[in-house]
Amino acid sequence: MAELTTMFDEHCRTAGLDARLAALPEREPHARRARRAAAEGGGGFLVFGVPVVAVGGVPADRHLPVPASRVDHGEGLGPRWCEMSVRMGEAETQSPCGWVMSASTGPGCSSAIWMP
């Protein structure tokens, strides 16, 4: 924790940011953290070093299509899921870039949640 705090403080200092890092009084399960982030409008955080994003308002009353593709990263890694998206509707995307980054699954790969 000390090394992470030092790195964070250095980043904030060089970027001219006024921020601080504070530990929660108790550990928080990832599921609770995701629910809290979604309830607060969404947000990103790390789960075992993998960047994820929590998004609220995902329909729970039906199955959602999850198109995905695999890429073979070669010897040592082999095939891995590379791109995934969760289609919540047919409407045009509202995000300015069309997607929200949610995880990296291999070199040059990412997962995305498409917003309706």
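Among contacts in the protein chain between residues at least 6 apart in sequence, what percentage join residues at least 24 apart? The figure is 32%.

## Overall architecture

The structure described here is a predicted model. Its protein chain contains two helices and six strands. Read from the N terminus, the elements follow the order α-α-β-β-β-β-β-β.

The protein chain has 116 residues, and buried residues account for 16% of them. The area that the chain exposes is about 8600 Å². Carbon and sulfur atoms supply 58% of that area.

## Helix 1 and the surface around it

Helix 1 covers residues 2-15. With 14 residues, helix 1 reaches 20 Å from its first C-alpha to its last, which is close to the 20 Å expected at 1.5 Å a residue. Just after helix 1 comes Gly16, whose phi is positive, at about 70°.

Met7 is one of the residues of helix 1. Together with Met1, Leu4 and Leu21, Met7 forms a nonpolar patch on the surface. The accessible area of these four residues together is about 410 Å².

Helix 1 also holds a salt bridge between side chains: Glu10 and Arg13 meet at 2.7 Å, N to O. The two residues are three apart in helix 1, so about one helical turn separates them. Glu10 has 37% relative accessibility and therefore counts as partly exposed. Arg13, by contrast, counts as exposed because its relative accessibility is 57%, the cut-off for exposed being over 50%.

## Other salt bridges

The salt bridges number four in total, and the pair in helix 1, Glu10 and Arg13, is one of them. Another is formed by Glu26 and Arg32, with the closest N and O atoms 4.0 Å apart. Glu26 is exposed, at a relative accessible area of 55%. Arg32 has a relative accessible area of 41% and is partly exposed.

A further salt bridge brings together the side chains of Asp61 and Arg62, at 3.4 Å, N to O. Asp61 counts as exposed, with 68% relative accessibility. Its partner Arg62 is partly exposed, with a relative accessible area of 42%.

## The hairpin of strands 3 and 4

Strand 3 comprises residues 68-72 and strand 4 residues 79-84. The two strands pair in the antiparallel sense, over five bridges. Within this pairing, Arg70 stands opposite Trp81 in strand 4. In a regular strand, side chains alternate between the two faces of the sheet.

Strand 3 and strand 4 form a hairpin, with six residues lying between them. The turn includes Gly74, which has a positive phi of about 90°.

## Leu64 and its contacts

Where is Leu64 found? Leu64 belongs to the loop between strand 2, residues 50-54, and strand 3. In sequence, Leu64 and Arg87 are 23 residues apart; in space, the C-alpha to C-alpha distance between them is 6.2 Å.

Arg87 is also among the residues in contact with Leu64 once neighbours within four places in sequence are left aside. Val58, Pro59, Val86 and Met88 are likewise in contact with Leu64 on that basis.

Conventions. Residues are numbered from 1 along each chain as its sequence is written. This is a predicted model: local features need pLDDT of at least 70, side-chain atom pairs count only at pLDDT 80 or more; totals for chains, interfaces and linings use all residues. Side-chain values use heavy atoms; hydrogens and water are left out. Buried means under 20% relative accessible area, exposed over 50%, partly exposed in between (1.4 Å probe, protein chains only). Contact means heavy atoms within 4.5 Å. Accessible areas come from the Shrake-Rupley method with a 1.4 Å probe; for residues, only the protein chains shown count as cover. Patches are made of residues with over 30% relative accessible area and no salt bridge: like charges are joined within 9 Å, nonpolar side chains (Val, Leu, Ile, Met, Phe, Trp, Tyr) within 5 Å. The expected span of a helix is 1.5 Å times one less than its number of residues. Two strands pair if DSSP finds at least two bridges between them.
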